[in-house]
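Me: I am new to reading structures. Could you take me through this one with short questions and answers?

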Amino acid sequence: MSAGPVGKQIQSIYRDRLGQFTGGGQYESQNLLAAMYEGRASGEEHVKLSVYSPPDLARPTFKEATSQGFKSTRIGESFGPSWSTHWFKVQITVPSDLQKKDHLELHWDASNEGLIWTEEGEPLQGLTGGGERVEWILPKSFRDGKEHMIYIEMACNRMFGNSPGGDSIQPPDPNKYFQLQTADIVAVNLEARALFVDFWLIGDGAREFPGDSWESHEAQQIGNAIVDAFIAGHGSKESIIECRKIAQKYLGDKVDSSKVYETDTQPIVFAIGNCHIDTCWLWPWAETKRKIARSWSIQCDLLDRYPEYRFVGSQAQQYKWLEQLYPSLYDRVKAKVKKGTFQPIGGSWVEHDTNMPSGESLVRQFLYGQRFFESHFGDRCTTFWLPDTFGYSSQLPQLCRLAGMSRFFTQKLSWNNINSFPHTTFNWVSLDGSQVLCHMSPAETYTAEAHFGDVKRSVSQHKSMDQDATSLLAFGKGDGGGGPTFQQIEKLRRCRGISDNVGLLPRVKMGDSVEDFFARLEKKAENGTKFVTWYGELYFELHRGTYTTQANNKRNNRKSEIMLHDVEYLATLASIKDSSYKYPKKDIDDMWENTLLCQFHDCLPGTCIEMCYDDSDELYAKVFETGEKLMKEALSTLGFSREVSAQQDIVALNTLPWHRAEIVQLPGASSKTPEYALIDGNMGIANIMTLSSSAKSTASIKEIEKGVFQLSNNHYKLEVEGGTITSLVDLTVNREIIAKGGKANQLVIFDDKPLYWQAWDVEVYHLESREVLPAGRTEILEQGPHRVSVITETKISERSWVKTTISLAASVEDQPSYVEMASEVEWRENMKFLKVEFPVDIVNTEASYETQYGIMRRPTHYNTSWDMAKFEVCCHKWADLSENGYGVSILNDSKYGFATCGNMMRLSLLRAPKAPDAHADMGRHHIRYAILPHAGPLDSRTVRTASNFNHPMRLLASASSSHSLLSSITLHGSPALVLDCIKRGEDDADVSRGEFARSTGRSVILRVYESLGGRARGEIRVAEEVGVRRVWRCNLLEDDEGEVEMRRGRAEIELRAFEVATFRLQL
């Protein structure tokens, strides 16, 4: 019986009371925070500080920095500016009154990143700053009363760079300074720290379990009982121990060790640590290299302290940097890899964009990534890990499979801002029918804080529960690196304790790998579980502006891919011709690694700060310089020179695997009277025939009325007025291409202010701000007979203009003819989007776009929100709108953004975002694009002409009459088949760099794909002089998978729709 009146608790009051126990503010001196530390020592007597500040934003090595003179400094001083480095000599003497304390830490906080080094130069642990990850556990050996020295390398940037104010994507402030606020020896009450985490999770249970549930009420009761016990015991050590006993009623008695996971209950959420270090973003590459050391040293320490903890690290490039710059830390990581706790993952060189790189670039991401992981750690990856890329190409499942990966993890589509992606675990089907098992974390983040809510959402937001309820929880500080904290690991222990002791919360487990997680899913599939399927691209309904931002960077990407194609082709043939020629594997590797690095998912999309593009410009310049050198050397071996003069025999080099016949302007002729030639030939050396004015096929131009010009050849007749094409007639079928009343090559500009992510996004409402740019004066630039052109200058604003040349060359026999536009743009706009329009007289509900090794078909209408979401899409070298019997392709030499709405085709040219790079795209641009009408369906004419448009033939001086070797490896048969790559085998005896055992003999690798979407047969033909003995079909990693019969230098092949096949010719 009650001794007196007893009232019912007011739930909201008692729940809100819980926040007082661990919060800052007016009660901090009376609550648990006041009991966290048992002592503190600072000042010169205990923490003596001196500093060396390198000049000119230099980032010296440990040896370089510690050999310099250091000057005395103290807490309260500020260090900067942004991106500078400061090395601190920290001399620590633990006072006698702290030497017997249970746990001592150095707390260091300057609100910026740092790395602790031993006196001998071993990196120990990273620091984040700003109150987060500011502690370093002092070794027991420091408790002897003597002075001990460490170094701290301070980086004058926060985790997310140096943006001014609280908006991290704004351009960095170059003059930020950071005050050293804390440099203390601290005695930590570990029981109080543990109680803090106990109480955190119990409080979450009170707040986040359903309000009418027993579990929520029980959490609130226990939380209040802990507060009462703490008050009753005056916050003493004994009261804290008592509070932890009370907490066990809710959490269980195993949360202080990994034994919490050793129960016979079945988990459904599997937690894995990661730190997703953006290889560049709001900081330059040089800072990323230090972020890797800071982050992974932290994780090595946590792996030592928490036996259940597992950490995944992706991106072979980052491991390579670690090996080069921090060899002792790399050895520490490698030891953890061998133990199985630090787990390499992903199989790619970097976490790359998948929309814009070429098919061969995607192959090389896997080839270079998997070879690095296997050569350094003994195993290839089986899971493609790509949590933060802005959409996923339709051919990734096929390429993953061919690179030894059957699994794919991401979560980015949870950011969609129009439609919610409907699946969590599913089979993703490529254009060719290949499949990978895909899992998208239902917590909808790759940087979960390991909160109660993250675990809860791993089930509540799971969309594939009908097939399987399990999920991955990828947790840890990310983007800027860092990774999981000890608090996050402790929280997950308590989440498991709640699940086993109380229930309702999904049961979480640590200790398994990502491979373990997918292996269970694959086992279920083997046993009959039918996971849902998703066919084609995983289109990301956000960040559509990334197809266009940083145009010159994208142009460099396209040009480097083309150069690498040509270098490998020529070097391969040179190595066959002359055994004394050394295939330049190291230089080619360097070119590829630099190109692949620049394809990182913030660099190529254009979403980095300006410093990153200074870096990428430098790398691309190296790629082009090296490429030119390698081509010169290979051509010299083959008997050719790039130095062309009138006294030499001039030939043309066609590096594409089909016949080409094109009219080109010869070098050295006067611009007023240009000299043209017809280049005609198959792959290899093509003939050059100088054209006379009496040539059979000509182009003509005339002004048919003031300001209206008619350009024509045997295929087309077009009319140009004010820089736009008002009529384009295909004379071969007597058909008008331009929609009635429409104007092609119409420059239009849009207001471009997305909801937040400036460099990333363009929103659907921008289309409502369409403004036609006024026509300028058009003049004849070239009058034939081999090429005619007009030039128009269009004023965009007081500071911006476009000079567009529209050209038409004489048609060449049965070769497709196109209308070419070349624009020179001075671009100085602010949050504007420049596009060019082509309204065509074609009707279809779908348009076609080139993607890697295939074609994506997308709606031209807005019937559903899924259709409308694709108002801006990615394409490669061409986009096409066709109806039965006729179509129009738009070609480009460096653009990736496109839209087709009804019959309006729009190529995206330039954007002008102001964050995170305030000067993105400002300056001069050169852009080429073309209109290619075609009678009949979309076919190999578009595929080949677009490739020709991007691969201009090179004029060479020939010192040899024997040119057969350059056309000694060819592909015949279906025109849908494309021979896309000719290179040497990675492990050939005369090529290998020693990563793996050298194979005997020499080999040539061929990459072939089916480009149109149907089964295709062909024949690889190899000349006798090449000396092929056998032919093998292999995967992307060049493992032989089956022999292909070869008779008299010919091997028959058959590919299914959009299949990618690799063949090894054994010489």
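The questions below go through domains, charges and backbone features of this predicted model.

Me: How far apart are the centres of domain 1 and domain 6?
Reply: The domain assignment puts domain 1 at residues 32–188. It puts domain 6 at residues 960–1066. Taken over C-alpha atoms, their centres are separated by 57 Å.

Me: Which domain is assigned in two segments?
Reply: Domain 3 is written as one stretch, 260–535, and domain 4 as 549–639. One entry instead joins 739–775 with 809–954. That entry is domain 5.

Me: How many salt bridges does a search of the whole structure find?
Reply: Side chains of opposite charge can pair when their charged atoms come close. Here a salt bridge needs a nitrogen of Lys or Arg within 4 Å of a carboxyl oxygen of Asp or Glu. Searching the whole structure gives a total of 86.

Me: How many residues apart in sequence are the parts tied together by Arg-494 and Asp-256?
Reply: These two side chains form a salt bridge, with N to O at 3.7 Å. Arg-494 sits in helix α12, and Asp-256 sits in the loop between α5 and β13, so the pair ties together parts whose separation in sequence is 238 residues.

Me: Is Arg-494 buried or exposed?
Reply: Buried means under 20% relative accessible area. Its partner Asp-256 has 48% and is partly exposed. Arg-494 has a relative accessible area of 0%, so the label is buried.

Me: Where does Glu-628 lie, the partner of Arg-642?
Reply: The side chains of Arg-642 and Glu-628 meet in a salt bridge of 3.0 Å, N to O. The pair links distant parts of the chain, 14 residues apart. Arg-642 is in the loop between β23 and β24, while Glu-628 is in helix α16.

Me: What is the relative accessible area of Glu-628?
Reply: Partly exposed covers the range between under 20% and over 50%. Arg-642 falls there, at 28%. Glu-628 is partly exposed too, with a value of 34%.

Me: Which residue forms a salt bridge with Arg-984?
Reply: The closest N and O atoms of this pair are 2.7 Å apart. Arg-984 is buried, at 1% relative accessible area. The partner counts as partly exposed at 25%. The partner is Asp-990.

Me: Which Arg residues take part in the salt-bridge network that includes Lys-585?
Reply: The network links Lys-585 with other charged residues, including Asp-589, Lys-983 and Glu-1038. Its Arg members are Arg-371 and Arg-993.

Me: What charge does the surface patch with Asp-614 carry?
Reply: Asp-614 is in helix α16. At 47% relative accessibility, Asp-614 is partly exposed. Glu-610, Asp-617 and Glu-618 complete the patch, and the patch is negative.

Me: How far apart in space are Lys-245 and Leu-195?
Reply: Lys-245 lies in helix α5. Lys-245 is partly exposed, at 49%. The two residues are 50 residues apart in sequence, but their C-alpha to C-alpha distance is 9.7 Å.

Me: How far apart in space are Trp-415 and Thr-445?
Reply: Trp-415 is in the loop between β17 and β18. Trp-415 is partly exposed, with a relative accessible area of 31%. Along the sequence, 30 residues separate Trp-415 and Thr-445. From C-alpha to C-alpha, the distance is 9.3 Å.

Me: What kind of peptide bond joins Gly-80 and Pro-81?
Reply: Most peptide bonds are trans. Pro-81 is in the loop between β4 and β5. The bond from Gly-80 to Pro-81 has omega of about 0°, and the bond is cis.

Me: What is omega for the cis peptide bond of Ala-915 and Pro-916?
Reply: Pro-916 is found in the loop between β46 and β47. A cis peptide bond joins Ala-915 to Pro-916, with omega of about 5°.

Me: What is phi of Arg-133 near?
Reply: Most residues other than glycine have a negative phi. Arg-133 lies in the loop between β8 and β9. Arg-133 is buried, at 7%. Phi of Arg-133 is positive, near 50°.

Me: Is Tyr-853 buried or exposed?
Reply: Tyr-853 is in the loop between β40 and β41. Phi of Tyr-853 is positive, near 55°. The relative accessible area of Tyr-853 is 3%, so the label is buried.

Technical notes:
Residues are numbered from 1 along each chain as its sequence is written. This is a predicted model: local features need pLDDT of at least 70, side-chain atom pairs count only at pLDDT 80 or more; totals for chains, interfaces and linings use all residues. Side-chain values use heavy atoms; hydrogens and water are left out. Helices (H or I, at least four residues) and strands (E, at least two) are DSSP runs, numbered from the N terminus. Buried means under 20% relative accessible area, exposed over 50%, partly exposed in between (1.4 Å probe, protein chains only). Patches are made of residues with over 30% relative accessible area and no salt bridge: like charges are joined within 9 Å, nonpolar side chains (Val, Leu, Ile, Met, Phe, Trp, Tyr) within 5 Å. Accessible areas come from the Shrake-Rupley method with a 1.4 Å probe; for residues, only the protein chains shown count as cover. Lys and Arg count as positive and Asp and Glu as negative; His and the chain ends are not counted. The place of a charge is taken as NZ of Lys, CZ of Arg, CG of Asp or CD of Glu. Domain bounds come from an automatic or database domain assignment.
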